[in-house]
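Here are a few notes to help you find your way around. Keep the structure open beside you as you read.

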Amino acid sequence: MTVSYREDIFLAIRTIRKSKLRSFLTVLGIIIGIVSVVTIVSVAKGIEKQISGQINSTGKDLIVVRPGQLSKSGSNSLINSLNELSSINSVSSLSQADVNSVANTSGISESSGINVINGKITTSQGTYSKSVLGTSDQFPDLMNQKLAYGEYFDSSSTNIYQAVIGQNIAESFFGESIPLGQSFTFHGQTFIVRGIFNKFSTAPLSITADYNNSIFIPYFTAESLTNSTAPVYEILAKASSANNASSIEKQINKNLYKLHGDQQDFTVMQQSQSLAITSGVLDSITMLIAIIAGISLVVGGVGIMNVTLVSITERTKEIGIRKSIGATNSQILIQFLIESSVLSLFGGLLGVILSFLVDYIIGATTSLSPVIDLPILGIAFLLSLSVGIIFGSLPAFKAARKDPILALRYE
Amino acid sequence: MSIIELNDVSKIYGFGDATTVALEEVSLTIDENEFIAVMGPSGSGKSTLMNVIGLLDRPTYGKYMLNKRSVDKIRTNRRAKIRRDMIGFVFQSFNLLPRLTVLENVALPLAYKGVGLKRRIKLAENMLERVGMDDKKYFYPNQLSSGQIQCVAIARALINTPKIIIADEPTGNLDTTSSRLIMELFSDIHKTGSTVLLVTHNPEITRYASRVVYMRDGAVVLDENSAIGDIAETASQTIYKKRPRKTIDDDLAGVSAIMDSIPQKSPIKKALVKKKSKPGRKRKNNTKRKK
């Protein structure tokens, strides 16, 4: 059976163009639904891309030791993912002994504990509350990060009160872009800025600290400032060869396990695992929000169904005429299915156009950088098409089953 | 050769006290190439009869043979296809689709048949030319006069070259001039070999019919053969009595009466002449008519 699909499509487009306002109002729900789903998915995609970019820049084989334990419960359910996320920020259970243990593990080329001290920083511009990170001199190598200006402190230096700052600190704390040689006071000591980092690639929702907004001082300076009470935030290590990173990761875990009195209250993992965890959590959250946003698609679909039902009653006579000149039930069915699908796709198209606009605004005003790629467009297309077909089928069946005589007599 | 054969066909609407008998044991045999006028007061079941014959409706009782085949038990879709290929409908209220152009309206039955787009347009254009509406093909129905709209509706009914044309009061909404034009078209269709069933209230119309069927209260009360060109006797008198069949000579006289009554500017005639245009033959026809 050949049916004039093309004519039906043209006719549907003609109907939409003839009653622009009505069509627009009909598909408003679809537009809102598609915009919300596309925006959420594209923002999540953008975040994932940023995180993987960040991790790729430091290297996937970087071994990270963090306090607290991730519940590695094989199953990938949403609740578990959320639990994992919350367990990341528990109170530090890492100590100086752990830092030494990692540093002394064989096969490690570089390592650094990172400890955190909170306090007030006084510069020539004013006083700021800030956390300062203490690291070893191997930190730039571990992070694969070069300095834009100056150089990183080294442990052999006689002056232990020196600091390296992230790019954002330069402007906000010192009021100039290259504050080399400037000084600030912290915990009663005067520090000299020796270097400024290149911009670290950052990502929202990332579980690492924002290094662009950090001040780095030598690890042992931090220890002495706080009488060794500064909590160890994480320990970074790099294997001398990327191939045995996994075995070294296991070795570190074994050593620390013994050191902690057979307690697994810490987590050892490679960056690649951290990426997997983050994107797993992100995927779960995205899915949840997208489903909630998708509810507005159902509302939009009901809107289409409603208008199509009204339009079928209005066009009862047309259905009668078409049947009298030989249209079969299925031909009428297909005509109205195509009409609701075209209407819904029209809404989807407007929604996608609007999503580009919304994403542009989000990208311009926040640190997020949403990505709309082909799969997302495909999802938008399939979603609106299926809404059109699902919610158009009831009216279309109704139209197809109309009795030709009653339909012809309808005025 | 009978093309339509109704055997004790009844159609009953409603249940219980609200029962309406629209057709009561109608038996009717219609031969190929008859021009039948169906007359009768409102509510006499004329339209129901047309709907049953046109496969839009199923009889409650009785047998219906269309083209020598029983169509009582066939499915809805098959009925739609038979309707599409064998029967052309012309309505009193024209029933063109307002959102389609004249050309699209005429081509629509071909689309349901699955004819390709180019061929559809070509056939529809030819058909519009035949009814003298080819210069209006990109118009919408609301831009045409009612007479013109009915011409288009006839073109649509003819597009699938149906064997049977069913017209339910096609001139009911038209003025005398347009009515005449439309009836000339039907007469022309009849001449090409189609069977025409035409419901009418107007006795004048029976001039074109070869047979007139009178209905009352759902039953056929009189079935009379009528000379083409003459008003059927009963229709003019509204007294129901049987009239003897006319002779061949009477029929011929009737035909020539129609020929003379065709207006010179009639688009159908023009189209006809154009189509047959072997020079000489045209003149021959004309001289014959003048005699």
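1. A good place to start is the open sheet of 6 strands in chain B, which has the order β6-β7-β8-β3-β9-β10 and mixed pairing. Its edge strands, β6 (87-90) and β10 (219-225) of chain B, each pair on one side only. On average, neighbouring strands of this sheet are turned by 15° against each other, direction ignored. Please bear in mind that this is a predicted model.

2. Next, follow one pair of strands. Strand β9 (residues 211-216) of chain B runs antiparallel to β10(B), and 6 bridges join them. Within this pairing, B:Met215 has B:Val220 in β10(B) as its bridge partner.

3. Now for the helices on the sheet. Helix α1 (residues 46-53) of chain B packs there, touching β3 (35-39), β7 (164-168), β8 (195-199) and β9 of chain B. Helix α6 (residues 176-191) of chain B also packs on the sheet, where it touches β3, β7 and β8 of chain B. The direction of α1 makes about 150° with that of β8(B), and for α6 the angle with β8(B) is likewise about 150°.

4. Which chain does chain B touch? In the model, 19 residues of chain B are in contact with 17 residues of chain A. On the chain B side, α2 (76-86) and α3 (102-113) each supply at least two residues, and α2(B) gives the most, with 6 residues. By class, that side has 8 nonpolar, 5 polar and 6 charged residues.

5. Finally, a look at chain A. Its domain assignment gives domain 1 (5-52 + 280-409) and domain 2 (94-264). The C-alpha centres of these two domains of chain A lie 53 Å apart.

Terms used. Residues are numbered from 1 along each chain as its sequence is written. Chains are lettered from A and ligands numbered from 1 in the order in which they are written. This is a predicted model: local features need pLDDT of at least 70, side-chain atom pairs count only at pLDDT 80 or more; totals for chains, interfaces and linings use all residues. Domain bounds come from an automatic or database domain assignment. Two residues are in contact if their C-beta atoms, placed from the backbone, lie within 7 Å. Helices (H or I, at least four residues) and strands (E, at least two) are DSSP runs, numbered from the N terminus. Ala, Val, Leu, Ile, Met, Phe, Trp, Tyr, Cys and Pro count as nonpolar, Asp, Glu, Lys and Arg as charged, and the others, Gly among them, as polar. Two strands pair if DSSP finds at least two bridges between them. Axes are lines fitted to C-alpha atoms, for helices over the stretch in contact, and angles run from 0 to 180 degrees between N-to-C directions.
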